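Take a look at the model below. Begin with the ligand, then work inward to the core.

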Amino acid sequence: MRAIVHLSLLVKFKYLVINNIIKLYLRKLKTNLRMKLIKTIKTVSNIIYIYEINNNLFAFKPSKNSEKEILANKLANLFGIKTLETKPVKIGNCDGILMNYLENSTLLTNYKNKLNKNQMKQLKKIILFDIWICNKDRHTANVFINNDLIIFDHDNIFQDGDARKFIKLDMGRKLNKNYVDIIENLLDKDLTAVQVLKKLGFTHDDFIKIKDEDIKDIVKDNEILKLLISRKVFDNIKF
Ligand SMILES: Nc1ncnc2c1ncn2[C@@H]1O[C@H](COP(=O)(O)OP(=O)(O)O)[C@@H](O)[C@H]1O
Ligand SMILES: [Mg+2]
């Protein structure tokens, strides 16, 4: 009996010691967390802050739409499109998102080479994705290109309007040299998004089928869920 009491005291003591060592380590880690502002990038409407945190570079974007940014990334991944790893954070009093900083990537807008077959496939997916999520702010400066295309900046999703608002001409130029001419010839016609996309060279295989259940797993807001499920049928979307 005595031996059992001793043993249980010993176990308790060991547990307390280990627990305190972990606590001390975590406290040390916290105080060691060094955050240094490296530079800022001014855009038309915002400032992006590049921080070094424990030897890694991150981009902080002040935003009141962090939820949209995170949701768009999840939906993009469901679509099979690459995004930046993004977390909602508060720095000082400022809400926003923290992303991995892609130091050596090129923006699609500055990329002079021809896109390869795989990159072209990814570009088509991105165009469909933006029509689906009503993103009126996709242009070639909101896409990085290394081997793959990586999209970011989803402040302006779920906007009202016909599909033509979400089809950006500079994106299309990379897809097809005559993209602008084709779109301009179609502008005053009453067409569906599918009819327009087929004229631009999209085939039936490009239109991705996503399961309602998979969207439900990601989207908690009922209105947005309804919108996304109804817009899955591209034939119903007016250009
Ligand atoms: N994670 C990042 N890594 C590298 N550069 C970035 C990153 N996020 C933003 N940038 C740079 O900042 C610019 C603006 O960022 P963006 O999110 O598009 O903000 P805005 O809503 O003001 O357009 C981008 O075009 C890019 O040059
Ligand atoms: Mg942008």
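Ala, Val, Leu, Ile, Met, Phe, Trp, Tyr, Cys and Pro count here as nonpolar; Asp, Glu, Lys and Arg count as charged; the others, Gly among them, count as polar. With those classes in hand, turn to ligand 1 in this predicted model. Its shell has 10 nonpolar, four polar and three charged residues. In total, 17 residues surround ligand 1. Thr43, Asn46, Ala59, Met99 and Asp153 are the closest. Which domains supply the shell around ligand 1? Domain 2 (35–100) and domain 3 (106–236) each give at least three residues to it.

Now step back to the whole protein. Eight helices and nine strands make up its list of elements. Of the 239 residues, 23% are buried. Consider the contacts between residues at least 6 apart in sequence: 61% of them join residues at least 24 apart.

Next comes the interior. The largest nonpolar core has 38 residues. Ile126, Ile131 and Ala193 have the most contacts inside this core. Several elements supply at least two core residues each, including the strands β3 (56–62), β6 (94–100), β8 (143–145) and β9 (149–151). The helices α2 (66–79), α3 (117–132) and α6 (193–199) do so too. Helix α3 gives the largest share, seven residues. Where does this core lie with respect to domain 2 (35–100) and domain 3 (106–236)? Both domains give residues to the core, so it lies between them.

Finish at Ala193. Set aside its neighbours within four places in sequence, and Ala193 is in contact with Ile131, Ala163, Phe234, Ile237 and Phe239. Of these partners, Ile131 was named above for its contacts inside the core.

How values were computed: Residues numbered from 1 in each chain as written. Chains lettered and ligands numbered in written order. Predicted model: local features only at pLDDT ≥ 70, side-chain atom pairs only at ≥ 80, totals over all residues. Helix = DSSP H or I, 4+ residues; strand = E, 2+ residues; numbered from the N terminus. Buried ≥ 20, exposed ≤ 12 C-beta atoms within 10 Å, placed from the backbone. Contact = placed C-beta atoms within 7 Å. Near = placed C-beta within 6 Å. Domains from an automatic or database assignment. Core = buried A, V, L, I, M, F, W, Y, C linked by C-beta atoms within 7 Å.
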